[in-house]
Amino acid sequence: MSTGCVIGVDLGGTKLLAGAVDPALNVHHRATRPARGSDQAAVLDTVVEAVREVRDAIESASGTVDAVGFGIPCMIDQQRGMAVMSIHLPIAGLPFRDVMAERLGLPVFVDNDANAAMLA
């Protein structure tokens, strides 16, 4: 069983909020960024920057990060980790899970933000 943190990311149509949660459900570092009006590359860069900020804060405190979970406002093809349709963000047709896993070097889970909120 893992003892590291996971990073949760709420990527909305106007802002991004990321935070690390440990196995006892304590929230550690948080990062927030605006996310509106950007093109796809800028949105992805903003996401990576925020996750790296949180990861760096956890690792500088001698912690580890095991994975990242994303809640995003779009339809998700779970088998492919693909953002199928998005109204608020320029990510439709993007294999979001795989792109983020490659850029972050961590396992990634992605789901619709409403589904993620229900699970939380």
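Here a visitor asks how the labels on this predicted model are earned, and a guide answers.

Visitor: What makes Phe-70 and Phe-96 an aromatic pair?

Guide: Two rings pair if their centres lie within 6.5 Å. For Phe-70 and Phe-96 the value is 5.0 Å centre to centre, so the pair meets the cut-off. The structure holds one aromatic pair.

Visitor: And why is the pair called edge-to-face?

Guide: Look at the angle. The planes of Phe-70 and Phe-96 stand 85 degrees apart, and an angle over 60 counts as edge-to-face. So edge-to-face is the right label for this pair.

Visitor: Which parts of the chain does the pair tie together?

Guide: Phe-70 belongs to strand 4 and Phe-96 to helix 2, so the pair links parts that are 26 residues apart in sequence.

Visitor: How do you know whether these two rings are buried or exposed?

Guide: Buried means under 20% relative accessible area. Phe-70 has 2% relative accessibility, so Phe-70 counts as buried. Phe-96 has 0%, so Phe-96 is buried too.

Visitor: Where do these rings sit in the nonpolar core?

Guide: Phe-70 and Phe-96 are among the residues with the most contacts inside the largest nonpolar core, which has 34 residues. Ile-7, Leu-11, Val-68, Ile-72 and Met-100 are also in that group. Several elements give two or more residues to this core, including strand 1 (5-11), strand 4 (65-72) and helix 2 (96-104). The largest share, eight residues, comes from helix 1.

Visitor: What is Ile-7 in contact with, away from its neighbours in sequence?

Guide: Setting aside neighbours within four places in sequence, the contacts of Ile-7 include Ala-18, Val-51, Val-54, Val-65 and Val-68. To count, heavy atoms must lie within 4.5 Å.

Visitor: How do you know that the buried residues of helix 2 are on the same side?

Guide: The buried residues of helix 2 are Phe-96, Val-99, Met-100 and Leu-104. Around the axis they cover an arc of only 115 degrees, so they fall on the same side of helix 2. Among the elements that cover them are strand 1, helix 1 and strand 7. Just after helix 2 comes Gly-105, with a positive phi of about 70 degrees.

Visitor: What links Val-48 to that end of the chain?

Guide: Val-48 is found in helix 1. Beyond its neighbours within four places in sequence, Val-48 is in contact with Met-100, Arg-103 and Leu-104. The C-alpha atoms of Val-48 and Arg-103 are separated by 7.3 Å, although these residues are 55 apart along the chain. At 3% relative accessibility, Val-48 counts as buried.

Visitor: Which residues make up the two faces of strand 1?

Guide: The covered face has Cys-5, Ile-7, Val-9 and Leu-11, while Val-6, Gly-8 and Asp-10 form the uncovered one. In a regular strand the side chains alternate between the two faces of the sheet.

Visitor: Why are strand 1 and strand 4 said to pair?

Guide: Pairing needs at least two bridges. Strand 1 and strand 4 have six bridges, in the parallel sense, so they pass the cut-off. One bridge partner in strand 4 is Val-65, matched with Cys-5. Strand 1 and strand 2 are also joined by six bridges, and these strands run antiparallel. There, Asp-10 has Leu-17 as its bridge partner in strand 2. A hairpin of three residues joins strand 1 to strand 2.

Visitor: What makes Leu-25 and Ser-62 exposed?

Guide: The label exposed needs over 50% relative accessible area. Leu-25 has 68%, so Leu-25 counts as exposed. Ser-62 has 69%, so Ser-62 is exposed as well. Leu-25 lies in the loop between strand 2 and strand 3 (27-34), and Ser-62 in the loop between helix 1 and strand 4. Neither residue is a glycine, yet phi is positive in each: about 70 degrees for Leu-25 and near 65 degrees for Ser-62.

Visitor: How many disulfides does the structure hold?

Guide: The structure holds zero disulfides. A disulfide would need a pair of cysteine sulfur atoms within 2.5 Å. As for cysteines, Cys-5 counts as buried at 9% relative accessibility, and Cys-74 is buried with 3%.

Notes. Residues numbered from 1 in each chain as written. Predicted model: local features only at pLDDT ≥ 70, side-chain atom pairs only at ≥ 80, totals over all residues. Heavy atoms only, no water. Core = buried A, V, L, I, M, F, W, Y, C linked by side-chain atoms within 4.5 Å. Buried < 20%, exposed > 50% of the residue type's maximum accessible area, 1.4 Å probe, protein only. Helix = DSSP H or I, 4+ residues; strand = E, 2+ residues; numbered from the N terminus. Phe/Tyr/Trp six-rings, centres within 6.5 Å; stacked < 30°, edge-to-face > 60°. Arc of directions from axis to C-beta.
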